[in-house]
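Colleague: I am new to reading protein models, and I keep meeting words whose meaning I would like to test. Could we go through one together?

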Amino acid sequence: MVYKYELHTHTAEISRCSSISAKDLVRFYKSKGYTGLCITDHFFNGNTSVPRDLPWEERVELFYSGYELAYEEGKKQGFDVFFGWEWTFRGTDILTYGLGKEWLLAHPEVWELSINDYCDLARESGAFLVHAHPFREAAYIDMIRLFPRKVDGVEVLNAMRNDFENERANEYADNYGLLKVAASDNHVGRIKRYCGIKTAKRVRDMREMAELIRRGEVELFTEYEDAE
Ligand SMILES: [Zn+2]
Ligand SMILES: [Zn+2]
């Protein structure tokens, strides 16, 4: 038995750039035979719809509601939904896995920290950090920023990035002995190709997933949408 997971998704409820609802994300991946996914909406320093002027608790609750909608649908569908987020500094994106809402509530400083301090704090708290598409080039990104001692892993296959950028990410992971992750960065549902993780057992949460990745007990995959 093989279990397929998507570790990088955005809900339309919380990520401004997403056009697929939390519920539809779950239905979509369920229909493609996946076992689960992780919601990684843009955090408060990124492209979020959560207003900045709300009290911290309300901001966190609102942010968490995208995941909750997905989770509720997942429960109905027998589909696992995990919580994470994508923390951002000027186009440098850190997928944060393994921490929950309580941690966010207890750390209102978290969205304004420097990227180094953020990584240290999150990892001390048990997070598994993955640098998303580290070699992405775009007009709004002023530089490629790498900090190999501050993250656990690297997205070496991102379905939204081109082969050149993914190959550079793969070399980077090799050069520094960083863990490798594959994901789709899905903002829409149906896309040309999907990158993800296969495991031989069903995981309970992202901590368990991180453990399998650390032990090398996962397979990275790319699947193409059938041509019409
Ligand atoms: Zn986005
Ligand atoms: Zn993303």
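Colleague: What makes strand 2 and strand 3 a pair?

Modeller: Seven bridges join strand 2 (residues 36–42) to strand 3 in this model, and the two run parallel. Two strands pair if there are at least two bridges between them, so seven bridges are enough for the name. One of these contacts sets L37 opposite V81, its bridge partner in strand 3. Please keep in mind that this is a predicted model.

Colleague: What lies across these strands?

Modeller: Helix 2 lies across strand 2 and strand 3, and it runs at about 155° to strand 3.

Colleague: Which way does strand 4 run against strand 3, parallel or antiparallel?

Modeller: Strand 3 and strand 4 pair in the antiparallel sense, over six bridges. Within that pairing, W87 stands opposite I94 of strand 4. On its other side, strand 4 has strand 5 (residues 128–131), again an antiparallel partner, with four bridges. There the bridge partner of I94 is H131.

Colleague: How do you know that strand 4 is enclosed?

Modeller: Count its buried residues: six of the six in strand 4 (residues 92–97) are buried, so the strand is largely enclosed by the rest of the structure. In a regular strand the side chains alternate between the two faces of the sheet. Here both faces are covered, with T92, I94 and T96 buried on one side and D93, L95 and Y97 buried on the other.

Colleague: Why is F89 called partly exposed?

Modeller: F89 has 15 other C-beta atoms within 10 Å. Buried needs 20 or more and exposed needs 12 or fewer, so F89, with 15, falls in between. F89 sits in strand 3 (residues 80–89). Leaving out residues up to four places away in sequence, F89 touches N45 and I115. The C-alpha atoms of F89 and G46 are separated by 7.9 Å, although these residues are 43 apart along the chain.

Colleague: And R90, why does that one count as exposed?

Modeller: R90 has 12 C-beta neighbours inside 10 Å, and 12 or fewer is the limit for exposed, so R90 just qualifies. R90 is placed in the loop between strand 3 and strand 4. Two residues lie between the strands of this hairpin.

Colleague: What makes the phi of R90 worth a remark?

Modeller: Most residues other than glycine have a negative phi. R90 is not a glycine, yet its phi is positive, about 45°. H133 is a further case, a residue other than glycine with a positive phi near 25°. H133 is found in the loop between strand 5 and strand 6. With 25 C-beta neighbours inside 10 Å, H133 meets the cut-off of 20 or more, and therefore counts as buried.

Colleague: How do you know that the buried residues of helix 1 line one face?

Modeller: In helix 1 (residues 22–31), the buried residues are A22, L25, V26 and Y29. Seen down the axis of helix 1, they fall within an arc of 95°, so they line one face of the helix. An α-helix has 3.6 residues a turn, so residues three or four places apart point the same way. The cover over these buried residues includes strand 1 (3–9), strand 2, helix 2 and strand 3. Just after helix 1 comes G33, with a positive phi of about 85°.

Colleague: Where are the buried residues of helix 6?

Modeller: M206, M209, A210 and I213 are buried in helix 6 (residues 206–214). They cover an arc of only 100° around the axis, which puts them on the same side of helix 6.

Colleague: What makes strand 7 and strand 9 edge strands?

Modeller: Each of them pairs on one side only. The open sheet has nine strands in the order 7-6-5-4-3-2-1-8-9, with mixed pairing.

Colleague: How many bridges hold strand 7 to strand 6?

Modeller: Five bridges join strand 6 (residues 153–158) to strand 7 (residues 179–183), and the two run parallel. Together with helix 5 (residues 163–176), they make a right-handed β-α-β unit.

Colleague: Which residues touch the most other members of the largest nonpolar core?

Modeller: They are A70, L129, V130, V154 and V181, in a core of 61 residues. Its largest share, six residues, comes from helix 2 (residues 56–77). A70 touches residues including T11, A22, L25 and V81, not counting those up to four places away in sequence.

How values were computed
Residues numbered from 1 in each chain as written. Chains lettered and ligands numbered in written order. Predicted model: local features only at pLDDT ≥ 70, side-chain atom pairs only at ≥ 80, totals over all residues. Core = buried A, V, L, I, M, F, W, Y, C linked by C-beta atoms within 7 Å. Contact = placed C-beta atoms within 7 Å. Right-handed = clockwise from strand over helix to strand, strands pointing away. Arc of directions from axis to C-beta. Axes fitted to C-alpha atoms, helices over the stretch in contact; angles between N-to-C directions.
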